[in-house]
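Visitor: Got a minute? I'd like to go through this one with you.
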Amino acid sequence: MVRKKKEYTRREIGDHKLRPESLMMGYGYRPEWSEGAIKCPIFQTSTFAFKSAEEGKAFFELAYGLREKKPGESLGLIYSRLNNPDLEILEDRLTLWDGAEAASVHSSGMAAIATAAFTFLRPGDVLLHSEPLYGGTEHLFQHVLPQYGIEVIGFPAGPDGPEQAEQALSDKSVADRLSMIFIETPANPTNDLVDISHCAELAKRCCGDREPVVVVDNTFLGPLFQHPLKFGADLVVYSATKFIGGHSDLIAGAVLGSEELITRILETRTFLGTATDPWTGWLILRSLETVKMRMTSQMKNARYVADFLADQPKVSKVYYLGHIAEDNSQYEVYRRQCVAPGAMVAFDIRGGEPEAFRFLNALKLIHLAVSLGGTESLAEHPATMTHSDIAAEHQPRMGITPALVRLSIGVEHYEDLIADLDQALAAV
Ligand SMILES: *Cc1c(COP(=O)(O)O)cnc(C)c1O
């Protein structure tokens, strides 16, 4: 197989530009490269033969950054920790939804986030991030990065976010060291929003000659329903374990952005060894063919579920993007930066942990499990599960109460989901 970038990249028919969903089945691959196989093979190999010693030398010069790329030159296949055809094709396809120049795929969402952090942060730097964050990200930021001399400052997602972020950076000694703004929007588990454009604008004006990178964890709504690069973000990160993989059968992650920034991420990936493997890459290629169908079906189901929950006397509050009131300041942010409300719904049950647990233990169709974005619906208790690492005294200010239950809605029939929720609420 000889994969020459730029030669296979049909993205239009005449003047007609093809949409991502039409390109998910074939972009970046041609059957004639592999015996006419419609699907690209799994390149289950650790290493690749060079045609000549000169070629091997040239590939390594690029891989180790010993010289600049010549026009049209791309990194040759060397060794599967550096690159592999399944991963390269996957990276090309992932760029399409977000309108990114380049992507890198990783062995998990955490591997993607950690690789980005170690690429752009140095001892003495400041990392500003929205709260709450995914539990693993929160642990990395609060407990691991400070051991490397990185100062970590949080600001809340939701309506108070912009003001508090500005306030943190009004301290010049902080602004002078800011290297990264990392945001997760909508926030997990409360669906509070962070204004991406505001963060991008803040990064441009806060810090003199420094250009902090703005990173958005787009796992909850991407790749379909939110495109942070369009709002000035520099990098998008994904847990591909969730909607992109979509079947709860793999762990993977990705980073998307400009060619320049992704080249730096790929260098770190090579030396930390955080690339994913060919088989996982191939599985995600398969998943991407149905990502629009799955996410659209999940999004529609979630609306029925959220509407049902909002009417239940045993439910005191529903956290769902499709229910933000027009007079809420978050509504304008939602309309501007999100395409649709997605498939994550959380709610407070009347009572506390005992009532939440009775509900969770009574579910019959919906599985009691963490994770999200798969074809099957899942339910969990953030305070004692995904967000148990956040100290009990900090949880309430992030909206995480003992009464909170988080649902990830799948592709089942919505009436079956509602029947299950109805009987589990009756058991409380
Ligand atoms: C799951 C998740 C992660 C971490 O991804 P892994 O694939 O589990 O490493 C990061 N961010 C968000 C929002 C997530 O939901």
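Guide: Sure. A definition to start: rings of Phe, Tyr and Trp, the last by its six-membered ring, pair if their centres lie within 6.5 Å. Keep in mind that this is a predicted model.

Visitor: How many aromatic pairs does the structure hold?
Guide: The structure holds 10. One of them joins Y29 and W33 edge-to-face, 6.1 Å centre to centre with 80° between the planes.

Visitor: Is Y29 buried or exposed?
Guide: Buried, because its relative accessibility is 6% and the cut-off for buried is under 20%. W33 is buried as well, at 16%.

Visitor: How do Y304 and Y414 pair?
Guide: They are stacked, 3.6 Å centre to centre and 10° between the planes. Y304 lies in helix α11 and Y414 in helix α14, so the pair ties together parts 110 residues apart in sequence. Y304 is partly exposed at 39%. Y414 is partly exposed at 23%.

Visitor: Which residues form one aromatic cluster?
Guide: F50, F59, F60, Y64 and F271.

Visitor: Switching to the ligand. Which residues come nearest?
Guide: G109, M110, D217, T241 and K242, out of 13 around the ligand. By class, the shell has five nonpolar, five polar and three charged residues.

Visitor: Which helix gives the most to that shell?
Guide: Helix α4, residues 109-120, with three residues.

Visitor: And what lies 2.7 Å from a nitrogen atom of the ligand?
Guide: A polar side-chain atom of D217. On the oxygen side, a ligand oxygen is 2.9 Å from an N or O atom in the S239 side chain. For the K242 side chain, the distance from a ligand oxygen to an N or O atom is 2.7 Å.

Visitor: How much of the ligand's accessible area does the protein cover?
Guide: 94% of the 380 Å² that the ligand has on its own.

Technical notes
Residues numbered from 1 in each chain as written. Predicted model: local features only at pLDDT ≥ 70, side-chain atom pairs only at ≥ 80, totals over all residues. Heavy atoms only, no water. Near = heavy atom within 4 Å. Polar contact = N/O pair within 3.5 Å; in protein donor to acceptor, adjacent residues only side chain to side chain. Areas by Shrake-Rupley, 256 points an atom, 1.4 Å probe, with all protein chains shown as cover. Helix = DSSP H or I, 4+ residues; strand = E, 2+ residues; numbered from the N terminus. Nonpolar A, V, L, I, M, F, W, Y, C, P; charged D, E, K, R; others polar. Phe/Tyr/Trp six-rings, centres within 6.5 Å; stacked < 30°, edge-to-face > 60°. Buried < 20%, exposed > 50% of the residue type's maximum accessible area, 1.4 Å probe, protein only.
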